[in-house]
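This briefing reviews the fold, the aromatic side chains and a surface patch of one protein chain. Please consult the sequence and structure shown below while reading.

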Amino acid sequence: MNIEHFTPSIVPVEQVADLWKENDVLISIIDLNDYPTPGADHLDKVEKAHLSTLQTEYFKKRYIASRMVLKYLSGILKGRSWASIVTCKDEHGRVHVCDHNDLHVCISYTENIVALVISKIDIGIDIEVIKSRSVTSISKSINKTSPERSSSVNGYDFLVMWTLKEAYCKLSNETMFSNLARTLDMSDVYHSSYVVDNKYVLALVTKSYLYKVNIVRLPKIEFDKKSPLN
């Protein structure tokens, strides 16, 4: 399997509109440490209702930060005030930008990192940190009869396959646990795998051929300022 190793460039948020014109898939890597105490003031009542169901400060923080970044970027792409953007989840748990079905969204988390995708095509992604604890944690969730748990598969290869399967499930709106005992079949999709900063495995799965993808690292966004297009 061909896996690209690279370090994403840090791209100012002002350049997002230009990147969107040039690419089909825009993946933003966000560090939650940039947002130590995000407030929920700019979440709408549905978003706040979901926030109230989250049990830990970690999950609340990553939810607020990821939604605020998604709103901000969507506002840039649509020429709207980011505070007027609303996000929602469908019955499969997939995130959408309300009233903008041409923006395909997928979000994945690992430790303090968020991989946020805004795409012109339907897509699924997953990101996982590369370390033995991650593999051990994932393995505990897996049926021992899973094809990917063969003794010939080392931890790194297993993590690559896991991220691909997670991304495939997100694309297909299927649950991961309904696919644990199935062999990973990528014959009906196109996919890419990346190693980011030598720390994370990132997988992308889509049914569109010849997509153009750009993966960038976003610096901290100052939400108290207007977005560049407003």
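A contact here means heavy atoms within 4.5 Å. On that basis, residues 24 or more positions apart account for 64% of the contacts in the protein chain with a separation of 6 or more. The structure is a predicted model. Its protein chain has 230 residues, of which 48% count as buried.

**Overall architecture**

- The protein chain contains five helices and 11 strands.
- Its accessible surface comes to about 11,400 Å², and carbon and sulfur atoms contribute 50% of that surface.

**Aromatic pairs and the cluster around Tyr-72**

- Eight aromatic pairs are found in a search of the whole structure.
- One of them joins Tyr-72 and Trp-82, whose ring centres are 6.0 Å apart; the pair is classed as tilted because the planes meet at 45°, a value that is neither under 30 degrees nor over 60.
- This pair links distant parts of the chain, with Tyr-72 in helix α3 (residues 57-78) and Trp-82 in the loop between α3 and β4 (87-89), 10 residues apart.
- Tyr-72 has a relative accessible area of 4% and is therefore buried, since buried means under 20%.
- Trp-82 likewise counts as buried, at 5% relative accessibility.
- Tyr-72 also forms an aromatic pair with Phe-223, in which the centres are 5.9 Å apart and the planes lie at 80°, an edge-to-face arrangement.
- The pair of Tyr-72 and Phe-223 again links distant parts of the chain: helix α3 holds Tyr-72, while Phe-223 belongs to the segment after β11 (213-217), 151 residues apart.
- Phe-223 has a relative accessibility of 14%, so this residue counts as buried.
- Ring pairs join Tyr-72, Trp-82 and Phe-223 with Tyr-35 into a cluster.

**Charges over aromatic rings**

- Arg-62 places its charged end over the ring of Tyr-109, at 4.0 Å from the ring centre.
- Lys-120 lies over the face of Trp-20, and the distance to the ring centre is 5.1 Å.

**A nonpolar surface patch**

- Tyr-190, Tyr-209 and Leu-210 make up a nonpolar patch on the surface, and together they have about 380 Å² of accessible area.
- Within this patch, Tyr-190 belongs to strand β9 (residues 190-196).
- The relative accessible area of Tyr-190 is 36%, so this residue is partly exposed; that value also meets the patch requirement of over 30%.

Terms used. Residues numbered from 1 in each chain as written. Predicted model: local features only at pLDDT ≥ 70, side-chain atom pairs only at ≥ 80, totals over all residues. Heavy atoms only, no water. Patch = residues over 30% accessible without salt bridge, like charges linked within 9 Å, V, L, I, M, F, W, Y side chains within 5 Å. Areas by Shrake-Rupley, 256 points an atom, 1.4 Å probe, with all protein chains shown as cover. Salt bridge = Lys/Arg side-chain N within 4 Å of Asp/Glu carboxyl O. Helix = DSSP H or I, 4+ residues; strand = E, 2+ residues; numbered from the N terminus. Buried < 20%, exposed > 50% of the residue type's maximum accessible area, 1.4 Å probe, protein only. Phe/Tyr/Trp six-rings, centres within 6.5 Å; stacked < 30°, edge-to-face > 60°. Lys NZ or Arg CZ within 6 Å of the ring centre and 35° of its normal.
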